[in-house]
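The exercises below are meant to be worked with the sequence and the structure side by side. Try each task before reading the solution that follows it.

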Amino acid sequence: MNEIKKFAVLVAGGKGMRMGSALPKQFLPLNGKPVLAHSVIAFINAFADIQIIIVLPADQLSYAQMILSALPDPIDAIIVSGGETRFHSVQNGLKAVDGEGIVFVHDGARPMVTPKLIKRCYEQALIKGSAIPAIPVADSMRIIDGEDSSPVNRDHMRIIQTPQTFKTEVITPAFQQPYSADFTDEATVVEAWGKEIYLVDGEKGNLKVTTQEDMIIAEALMTALAKD
Ligand SMILES: Nc1ccn([C@@H]2O[C@H](COP(=O)(O)OP(=O)(O)OP(=O)(O)O)[C@@H](O)[C@H]2O)c(=O)n1
Ligand SMILES: C[C@](O)(CO)[C@H](O)COP(=O)(O)O
């Protein structure tokens, strides 16, 4: 029997300014369901016993009902208010983590996450303490310095995704640090706390919906994958 507790902190407390829609992107319909509902379903499909913690904008907590009613079955989710930045939203979500186990922190704006990736992150985090999904870079890269630019070796670069996955003993103390503008994700917070982080293979399809163009790509990908 697997008794390790699992917690998914789905951060959806942002305003979605780059999407430019009146309704924040995490609530927009994507293939018939709100963007955020797709992630919740992926985590439940990965682990039936997972505790879902949903972080929403403080003034939009009532939208939780919209998300929960889009799920195939009722679940006992914990709903938490977001903060000023993604870091503060994660911090609020972590306060709802009750006990020791494995914590996934996932962007509510990454609806294409798969149970396969979630399980891969889980298995590695159990062994190494963390699993940060990363994918290789397919394009040439240059570093910009004012008007100048110079090439960088893309073999040394990775694109970082979520769910960033940790043992509670690794992530909980790290998020008690004061906020720094250098914290772009959980990996940077844990490293600033002095702990090593470990990458794991991500998935190219696990895109972050940031602009309207991303919504079109996500919709097309989901439709194509559903046909297979
Ligand atoms: N204060 C914040 C800011 C962001 N997020 C969440 O963090 C994820 C990644 O952030 P991003 O894509 O930048 O979302 P927004 O901040 O909403 O977008 P924008 O920067 O365009 O306003 C999203 O699921 C977003 O809802 C959050 O929970 N709390
Ligand atoms: C956490 C993240 O998705 C990893 O790529 C990314 O850093 C979020 O960036 P954003 O500017 O807050 O969307």
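**Exercise 1: A residue in a loop**

R154 sits in the loop that links strand 9 (148-152) with strand 10 (158-160). The model is a predicted one, and the task is to determine whether R154 counts as buried, partly exposed or exposed, and which residues R154 is in contact with beyond its neighbours within four places in sequence.

Solution. Begin with the neighbour count: 13 C-beta atoms lie inside 10 Å of R154, and because a residue is exposed at 12 or fewer and buried at 20 or more, R154 counts as partly exposed. Next, set aside the neighbours within four places in sequence; the contacts of R154 are then V137, S140 and M141. Finally, take the C-alpha atoms of R154 and M141, which are 13 residues apart along the chain and are separated by 6.2 Å.

**Exercise 2: The surroundings of strand 4**

Work out how many residues of strand 4 (residues 51-56) are buried, and which strands pair with strand 4.

Solution. First, consider burial: 6 of the 6 residues of strand 4 are buried, so the strand is largely enclosed by the rest of the structure. The two faces can then be treated separately, with Q51, I53 and V55 buried on one side and I52, I54 and L56 buried on the other, so that both faces are covered. Turning to the pairing, strand 1 (residues 5-11) runs parallel to strand 4 and is joined to it by 5 bridges, with V9 standing opposite I53. Strand 5 (residues 78-81) is also parallel to strand 4, through 4 bridges, and here V55 has V80 as its bridge partner.

**Exercise 3: The nonpolar core**

Identify the residues of the largest nonpolar core that touch the most other members, and then list the contacts of L10.

Solution. The largest nonpolar core holds 53 residues, of which A8, V9, L10, F43, I53, V55 and I118 touch the most other members. The largest share of this core, 7 residues, is contributed by helix 1 (residues 35-46). For L10, once the neighbours within four places in sequence are left aside, the contacts are L36, S39, V40, I52, I53, I54, V55, H106 and G108.

**Exercise 4: An enclosed helix**

Establish which residues of helix 3 (residues 86-94) are buried, and which elements they pack against.

Solution. Count first: 7 of the 9 residues of helix 3 are buried, so this helix is largely enclosed by the rest of the structure. The buried residues are F87, S89, V90, Q91, N92, G93 and L94. They pack against strand 1, strand 4, strand 5 and strand 6 (101-107), and also against helix 5 (168-174) and helix 6 (186-192).

**Exercise 5: Two ligand shells**

Describe the residues around ligand 1 and ligand 2, by name and by class.

Solution. Around ligand 1 there are 21 residues, and those that come nearest are G13, G14, M17, R18 and S89; by class, the shell divides into 5 nonpolar, 10 polar and 6 charged residues. Around ligand 2 the residues are R86, D107, I160, Q161, T162, T184, D185 and K208, which comprise 1 nonpolar, 3 polar and 4 charged residues.

**Exercise 6: The chain as a whole**

Assess how the radius of gyration of the chain agrees with that of a compact globule, and what share of the residues is buried.

Solution. For 228 residues a compact globule would have a radius of gyration near 17 Å, and the chain has 17 Å, which agrees. Of these 228 residues, 37% are buried.

Technical notes: Residues are numbered from 1 along each chain as its sequence is written. Chains are lettered from A and ligands numbered from 1 in the order in which they are written. This is a predicted model: local features need pLDDT of at least 70, side-chain atom pairs count only at pLDDT 80 or more; totals for chains, interfaces and linings use all residues. A residue is near a molecule or strand if its C-beta atom, placed from the backbone, lies within 6 Å of it. Ala, Val, Leu, Ile, Met, Phe, Trp, Tyr, Cys and Pro count as nonpolar, Asp, Glu, Lys and Arg as charged, and the others, Gly among them, as polar. Two strands pair if DSSP finds at least two bridges between them. A nonpolar core is a set of buried Ala, Val, Leu, Ile, Met, Phe, Trp, Tyr and Cys residues joined through C-beta atoms within 7 Å. Two residues are in contact if their C-beta atoms, placed from the backbone, lie within 7 Å. The radius of gyration is taken over C-alpha atoms; the globule rule is 2.2 Å times the number of residues to the power 0.38.
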